2 protein chains.
Amino acid sequence: MAAEEGQVAVTVSNKQVIFNNYVSGFPKESDMSIAVGEINLKLPESAAAGVLLKNLYLSCDPYMRPRMRNSSGSYVGAFQPGSPLSGYGVAKVLESGHPNFEKGDLVWGSTGWEEYTVSTEPGQLFKIQHKDVPLSYYTGILGMPGMTAYVGLYELCSPKKGEYVYVSAASGAVGQLVGQFAKLAGCYVVKNKFGFDEAFNYKEEQDLAAALKRYFPQGIDIYFENVGGKMLDAVLGNMRLRGRIAVCGMISQYNLESPEGVHNLASLIMNRIRMEGFIVSDHYHLYPKYLEMVVPKIKEGKIVYVEDTAEGLDNAPAALVGLFYGRNVGKQVVKVADD
Amino acid sequence: MAAEEGQVAVTVSNKQVIFNNYVSGFPKESDMSIAVGEINLKLPESAAAGVLLKNLYLSCDPYMRPRMRNSSGSYVGAFQPGSPLSGYGVAKVLESGHPNFEKGDLVWGSTGWEEYTVSTEPGQLFKIQHKDVPLSYYTGILGMPGMTAYVGLYELCSPKKGEYVYVSAASGAVGQLVGQFAKLAGCYVVKNKFGFDEAFNYKEEQDLAAALKRYFPQGIDIYFENVGGKMLDAVLGNMRLRGRIAVCGMISQYNLESPEGVHNLASLIMNRIRMEGFIVSDHYHLYPKYLEMVVPKIKEGKIVYVEDTAEGLDNAPAALVGLFYGRNVGKQVVKVADD
């Protein structure tokens, strides 16, 4: 075991992004603060079966907003005021007490918003096998968001050639992939900024229903729901018979004290619509199958992935906050360190 | 063909329930009127391939309310002002130009709200095979509502033993069956008036969410949605992981100018819920399979079916209006004539 090897323990500084306190309304940079502590680069006894990680990239994801609320209202736990945020990231293993990992391994999965993290649950980490792609992709196309797009579109919605697919929040980590995956399946896709068939920006459209009618005069077969509220209502009013809605997230609702009402649910009956919520982590057993599909497509240039990279932990709070204003163009990632 | 057989055409009076005009808000008896016309008891040339029906029972169903609106907002056409209402019923064939039917057959399916109806689409009628049960059952347990309960519960929700099932509007034609079917599948069922495990009346409960928590402290696995609006919101707030919602109807919304907002849809994500709308007529190919299951259960007394019968077409408008005030206890049917 690592603790028994008699290495010299090096103490280094460990910059962290601290969650200050629970948030209401839109999150602000001041809801977080930068602190610099110290860490002994050795697995402590209490985490002898864990791994010590050097974080390389951290992922900014919409699901982190519900974790800023003091409630069990999310499917993952709330952040602890006074402690660093946590989330998905890419890291290098500095020391391992777990049989699945060894020093030097690159991994992606749950980690802290800091330079170094002691992970006591390395079962939630994936070892990175394909290293001839940008490592940051494991916060996006090759990580949780990629799997989210894959599961939501292919597993829940079974797209058929010629079907009409609408992706909301298509400039984000997930949305840009749903659109490309749907194109690969031969669908007609509408959303913005990434060369899909048509494009509009939901924040600029006064009348969402009219906009959807204009872009989908024949209606929508598949909707990948990332936005919620008024957007969902407008979509429900323009669905086709036997349409499918994968409910992945509702970013427009996360900063509201109480969620908007959705009025057009009778459309579910009339149009025989199936609407299904999902959490990607229920489907991680499909990850090898997904990699098999997507890695060659990345290498052949058949799928492109746009990233928006913030440099350094100091810029991490602004990057995270920016998500909820739609400031990111592409997957928002924070680069913490080189390899 | 019938018209060529040289029978003597008998002219008789034909009482009808006329739809006066489009309705907003709750329907009133005065939205309909009784008229007495005449009918020649012979298939007209224009309906030579149709059937002439003597109506015995007519069915009052919630889906008829959307048909009173001047819009394409329903999955079936609007009623025509000045013409009789139409709906499901049980009838006797007086004359047939269609190969599937002959004089004397008993049928159920789409017919007019009148004593005699010329049906030009007898493909939408089912010939009644089992006659040793009350004929009126073919407006309910052995007709459209029975199939609705069967399809919504078994096909869409796949109930498993021990699951918690909530049925709204359980005193109606469909709800009373969903509850019994779920009990047969070994589920724990909550709804009122028919001996299910627990009972409450949604119109009397001030705080639906608290009521549901009280009756389902462990949450709801399956919800058969007949009510919509606030009821759906309360249910969404108390669903269990991987719950299923069959969306059959939303009777609480049919009389509103604009539907209520539903706020708790984020529960779909957190709890991985599948919510699916359906129209029973898409599933009529399963009718023989359904009869095979349900007819023996009726004869053995293992399923009971409560009817609320109005006598005569004169009482049909009040019976239909009563549905939307919850006046019916059991399936609301109108008896038009003896065999």
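The exercises below work through contacts, salt bridges and burial in a predicted model with chains A and B.

Residues are numbered from 1 along each chain as its sequence is written, and chains are lettered from A in the order in which they are written. Because the model is predicted, local features need pLDDT of at least 70 and side-chain atom pairs count only at pLDDT 80 or more, while totals for chains, interfaces and linings use all residues; side-chain values use heavy atoms, with hydrogens and water left out.

**Exercise 1. The interface**

Task: Describe the contact of chain A and chain B by residues, area and charged pairs.

Solution:
- Step 1. Contact means heavy atoms within 4.5 Å. Chain A gives 29 residues to it and chain B gives 29 residues.
- Step 2. The size of an interface is often given as the accessible area lost when the parts come together. Here about 2,400 Å² is buried between chain A and chain B, with 64% coming from carbon and sulfur atoms; buried area is the accessible area (1.4 Å probe) that two parts lose on being put together, summed over both.
- Step 3. A salt bridge is a side-chain nitrogen of Lys or Arg within 4 Å of a carboxyl oxygen of Asp or Glu. Four salt bridges cross the interface of chain A and chain B. A salt bridge joins the side chains of Arg272(A) and Asp282(B), at 2.6 Å from N to O.
- Step 4. On the side of chain A that touches chain B, the elements giving two or more residues are strand S11 (239-247), helix H5 (266-270) and strand S12 (274-277). Helices (H or I, at least four residues) and strands (E, at least two) are DSSP runs, numbered from the N terminus.

**Exercise 2. Strands across the interface**

Task: Find how S12(A) is joined to strand S12 of chain B.

Solution:
- Step 1. Two strands pair if DSSP finds at least two bridges between them.
- Step 2. S12(A) and strand S12 (residues 274-277) of chain B run antiparallel and are joined by three bridges.
- Step 3. Arg274(A) has Glu276(B) as its bridge partner in S12(B).

**Exercise 3. Salt bridges within chain B**

Task: For Lys15(B) and for Lys331(B), name the salt-bridge partner and the accessibility class.

Solution:
- Step 1. Buried means under 20% relative accessible area, exposed over 50%, and partly exposed in between (1.4 Å probe, protein chains only).
- Step 2. Lys15(B) forms a salt bridge with Asp314(B), 3.0 Å from N to O. Lys15(B) is in strand S1 (residues 11-19), and Asp314(B) is in the loop between strand S13 (307-311) and helix H7 (316-323), 299 residues apart.
- Step 3. Lys15(B) is partly exposed because its relative accessibility is 23%. Asp314(B), at 46%, is also partly exposed.
- Step 4. Lys331(B) pairs with Asp61(B), and their closest N and O atoms are 2.9 Å apart. Lys331(B) lies in strand S14 (residues 331-335) and Asp61(B) in the loop between strand S3 (51-59) and strand S4 (86-96), so the salt bridge ties together parts 270 residues apart in sequence. Both residues are buried.

**Exercise 4. A buried threonine**

Task: Place Thr139(B) and decide whether it is buried or exposed.

Solution:
- Step 1. Thr139(B) is in the loop between strand S7 (125-127) and helix H1 (144-157) of chain B.
- Step 2. Its relative accessible area is 1%, so Thr139(B) is buried.
- Step 3. Leaving out residues up to four places away in sequence, Thr139(B) touches several residues, including Tyr57(B), Pro145(B) and Lys331(B).
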